[in-house]
Every structure is written in structure tokens, then in C-alpha cells.
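This briefing describes a single protein model, topic by topic. Please keep the sequence and the coordinates at hand while reading.

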Amino acid sequence: MITLSQRTQKMSPSYIREILNATQQPDMISFAGGLPDESLFPKQRLQDAAAKMLADTRCFQYGETQGDPKLREWIKNHQIPDTLEVIITTGSQQALDLIARAYLNPGDTVLVETPCYLGALQVFELAEASIITLPQTISGPDIEQLEQILQQHTPKLFYSVPDFHNPSGRCWSLETRQAVAHLLNTYSTLFIEDAPYRALRYEGDHIAQVSDLTDAPTIRLGSFSKVATPGMRIGYAAGAATCIQPLILLKQAADLHSTLPIQRMMYHLLADGLLEEHLPRLVHHYREKSLVMTHMLRKTLGDRISLSDPVGGMFLWGELHGISAHALAKASLENGVAIVPGDVFYPSGHEGPEALRLNFTHASISMIEEGIKRLTHAANML
């Protein structure tokens with residue numbers, strides 16, 4: 001019998017991926033996945049971009065591993081300093097995988113804020129890294145504790161989502177970003193700044209990225225899944241050439257390049273003004289949904305849940321009082337609503353709080369209202 005590798009045997013299935021199977025049942029309302037609202041997909045723009053892509057048969061050939069030159073040039077002109085190199089990846093999830101394979105040996109130390117994006121934890125655990133956690137505050141990591149960890153453990157990577165964090169929805173303050181940037185200048189740690197939700201700001205001005213505030217080595221990750229469609233699977237990693245070149249070599253071995261026709265479609269979407277015209281519509285609708293969900297939760301659960309008001313992103317993080325998150329998730333599923341308990345966003349062996357992550361962007365407002373009623377009924381039955 002052929003045996004699996006040791007690292008594969010250690011893998012656990014994603015709680016969220018598993019629960020998504022249950023959401024296919026009729027009348028199931030899901031707050032579990034990080035899904036955009038498909039009714040808001042820019043269908044006419046997608047058709048126009050597809051027509052332009054189909055007119056150029058060259059994009060059906062093999063292409064550069066680093067990605068479609070036109071798309072890379074657009075990113076350098078609009079989203080990153082033009083001094084940086086960029087590689088197009090199959091979603092920013094592939095970028096995380098390439099970074100882990102490029103920079104981590106078994107036992108290397110990785111620092112993450114907790115709670116932490118589940119997909120990142122899976123990548124780092126598969127790389128057999130030693131994961132150190134840094135509890136998150138409302139405005140980002142505790143700076144004194146961060147410096148202690150950098151001094152004592154010299155982690156090889158520090159991974160975080162400063163803009164509308166997944167799963168907490170929080171956003172680092174400018175002061176926190178400046179302090180982290182200063183520490184990065186002092187200690188030899190590669191900072192991975194994941195920013196898939198950065199464009200989804202509902203109020204206030206955009207805050208400078210940590211990558212723009214430090215001279216230390218950084219890799220920033222971007223994605224168009226939240227502003228175009230996730231099924232296109234277009235993301236990117238950007239950084240100094242010395243940081244990006246290893247990722248290019250690994251991607252050659254992984255898949256040669258991400259799908260060129262879809263890359264070219266994405267280029268046409270962006271070049272034709274997707275962000276200028278479609279993004280404000282998304283922000284308006286998602287903000288309204290976030291307000292409805294927070295209002296309903298506070299009205300129905302009262303002091304049994306503590307919430308932060310989101311100013312962007314796709315998620316609410318609710319800390320429960322006197323309720324078991326796993327018991328509530330199970331009871332909610334039986335009542336036709338899917339939610340995710342907070343401890344799945346912690347590394348193996350680390351105990352998480354009694355909390356929930358709730359996605360508010362996918363369901364309609366009427367479904368949000370019905371889903372929170374079902375969730376509250378489940379809580380009342382415990």
C-alpha cells in the first residue's frame with residue numbers, strides 16, 4: 001500500500017470548506033464562507049471583458065510564469081509602488097503557499113495575529129512551521145508584546161491582514177502601522193501584508209500600508225476576488241525583486257502560470273474602470289448589510305454577544321458571553337443557518353475564545369434578518 005507523506009497525514013480539513021457542503025441544502029442560510037454577493041457581480045462588464053479577451057488569440061498560448069504583462073503593468077501603475085516586482089498567482093492563497101515553500105524550513109518560526117485567517121494557518125502548518133501567536137487588540141497587535149516576540153524568537157515571517165482583518169474585521173490604526181514598521185526596520189523578519197479587503201472601506205480614509213512605511217523586506221498580497229469575482233482566482237504578490245524571484249521559480253514548477261485568458265479578462269475589467277464604477281456600488285450595499293446584521297444581533301442577543309462595528313471588509317466578529325460557540329454553531333445548523341466558531345481561527349493546540357465569525361456580504365438583507373432570527377432561536381434553546 002502506498003502511504004501518504006507525513007505532512008499530508010497531519011493535515012486536517014478546513015472547517016469552513018466542510019460546512020460549505022451543508023450550505024447547499026435547500027433553505028439553508030450561510031454566514032459561514034467569505035463569499036461576495038453574486039447578484040452584484042458586474043455581469044455586463046464581464047461579458048465585455050470576455051469579448052475583448054476572445055479577440056486576442058495570443059492569450060490562449062503559454063505565457064510568462066510571472067503573469068500577463070498588461071495586468072502586471074496595471075497593478076504597478078495603480079496598486080503598488082512601481083519599483084516593486086509583481087507575480088500573478090491563482091488567488092492570493094497560492095501566493096501564501098509559494099511564500100511558505102520559498103522561505104520556510106520545518107521548525108522555522110512564523111508569527112501570526114490571533115485570531116488568524118484559516119487559509120494562512122493551513123499553509124504554515126503544512127510547511128511544518130512553529131507558529132507563535134500574538135493576540136489582537138482593537139487597533140492591531142500589542143506593540144510591546146510584538147517587540148518581545150521579535151527579540152526572543154526572531155520569527156522568519158510575520159503574517160497579518162491589517163485592513164479589515166479576516167476573521168475579526170478589525171483595521172490597524174495608523175499609529176500601530178507606524179510602530180510595526182519601526183520594529184520591522186530593527187528586526188530581521190519578513191512581513192507578509194495580506195490585503196484582500198483593503199478596497200472595501202465603508203467609512204473614513206484609506207490608511208497607508210505597513211509595506212509603504214518600512215524599509216524592511218515585505219511581501220504584500222492582493223486579490224481581485226472581492227471586487228470582481230472569486231471564481232476568476234486572480235491574486236498577486238508584490239515586493240522587492242529579491243523577495244519575488246524565488247516565488248517565480250516555484251510557480252514554474254507548480255503550474256507554469258495562472259490561466260492567461262482569465263488574467264487578460266481581469267486586465268480589461270480593471271482598465272475599463274471596474275474599480276471606479278463598480279466598487280462604490282459594492283461598498284454601498286455591503287455597508288448596508290453590515291449595519292443590518294449588527295443591529296439585529298444586538299437587538300436579539302443583547303449582552304450575550306459583543307461586537308465591533310465594521311468600517312470595511314466582509315466579516316463580523318462576535319464574542320459570546322455564557323454561550324458555547326461550538327454548541328451554538330451545531331444548533332444553528334440544525335435551525336438552517338451556518339456560522340463558524342471562533343476557535344477554528346487559532347493554530348492547532350491553541351485555545352480560542354467563545355466567539356463567532358459571521359459573513360454579512362453574501363446573503364440578502366431579508367436573508368440576514370431571517371438568519372439572525374434562526375441564530376437567536378438556536379441560542380435561546382441552549
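Which residue in S9 is the bridge partner of Ser223? In this predicted model, the bridge partner of Ser223 is Gly235. Gly235 also serves as the bridge partner of Thr89. The points below begin with the sheet and then turn to the aromatic rings, selected buried residues and the helices.

**The sheet**

- Eight strands make up an open sheet with mixed pairing, and their order is S2-S9-S8-S7-S6-S3-S4-S5.
- Strand S2 (85-90) and strand S5 (140-141) each have a single partner strand and stand at the edges, so one side of each has no neighbour in the sheet.
- S2 and strand S9 (residues 234-239) run antiparallel and are joined by six bridges.
- One of the pairings places Val86 opposite Ala238, its bridge partner in S9.
- S8 and S9 are likewise antiparallel, with five bridges between them.

**Burial of S9**

- Six of the six residues of S9 are buried, so this strand is largely enclosed by the rest of the structure.
- The burial extends to both faces of S9: one side carries Ile234, Tyr236 and Ala238, the other Gly235, Ala237 and Gly239, and all are buried.

**The aromatic cluster**

- The model contains eight aromatic pairs.
- One of them joins Trp74 and Phe224 in an edge-to-face arrangement, with 6.4 Å centre to centre and 70° between the planes.
- This pair links distant parts of the chain, since Trp74 belongs to helix H4 (residues 69-78) and Phe224 to the loop between strand S8 (218-223) and S9, 150 residues apart.
- Trp74 is buried, with a relative accessible area of 8%, and Phe224 is buried as well, at 2%.
- Phe224 forms a further aromatic pair with Tyr236, which is tilted: the centres are 6.0 Å apart and the planes are at 40°.
- Here too the pair links distant parts of the chain, with Phe224 in the loop between S8 and S9 and Tyr236 in strand S9, twelve residues apart.
- Both Phe224 and Tyr236 are buried.
- Through these ring pairs, Trp74, Phe224 and Tyr236 are linked into a cluster.

**Ile75 and Asp68**

- Ile75 is located in helix H4.
- Ile75 is buried, and its relative accessible area is 0%.
- Apart from neighbours within four places in sequence, Ile75 is in contact with Ile80, Val86, Ile88, Phe224 and Tyr236.
- Two of these contact residues, Phe224 and Tyr236, belong to the aromatic cluster with Trp74.
- The C-alpha atoms of Ile75 and Leu126 are separated by 30 Å, and the two residues are 51 residues apart along the chain.
- Asp68 lies in the loop between helix H3 (43-54) and H4.
- Asp68 is buried, with a relative accessible area of 4%.
- When residues up to four places away in sequence are not counted, Asp68 touches Ile88, Gln263, Arg264 and Tyr267.
- Ile88 is thus named among the contacts of Ile75 and among those of Asp68.

**Helix packing**

- Helix H5 (residues 91-103) packs against helix H10 (residues 241-255) at an angle of about 105°, and their axes are 9 Å apart.
- At this angle H5 is roughly perpendicular to H10.
- H5 contributes Gln94, Leu98, Ile99, Arg101, Ala102 and Tyr103 to the contact, while H10 contributes Thr242, Cys243, Pro246, Leu247, Leu250, Lys251, Ala254 and Asp255.
- By class, the contact of H5 with H10 comprises nine nonpolar, two polar and three charged residues.
- Helix H7 (residues 143-153) lies across strand S3 (109-114), strand S4 (130-137), S5 and strand S6 (157-160), and runs at about 165° to S4.

**Helix H13 and the residue after it**

- In helix H13 (residues 325-334), the buried residues include Ala325, Leu328, Ala329, Ala331 and Ser332.
- Residues three or four places apart in an α-helix point the same way, because such a helix has 3.6 residues a turn.
- Gly336, just after H13, takes a positive phi of about 85°.

Key: Residues numbered from 1 in each chain as written. Predicted model: local features only at pLDDT ≥ 70, side-chain atom pairs only at ≥ 80, totals over all residues. Heavy atoms only, no water. Pairing = 2+ DSSP bridges. Helix = DSSP H or I, 4+ residues; strand = E, 2+ residues; numbered from the N terminus. Contact = heavy atoms within 4.5 Å. Axes fitted to C-alpha atoms, helices over the stretch in contact; angles between N-to-C directions. Phe/Tyr/Trp six-rings, centres within 6.5 Å; stacked < 30°, edge-to-face > 60°. Buried < 20%, exposed > 50% of the residue type's maximum accessible area, 1.4 Å probe, protein only. Parallel < 35°, antiparallel > 145°, perpendicular 65-115°, else oblique. Nonpolar A, V, L, I, M, F, W, Y, C, P; charged D, E, K, R; others polar.
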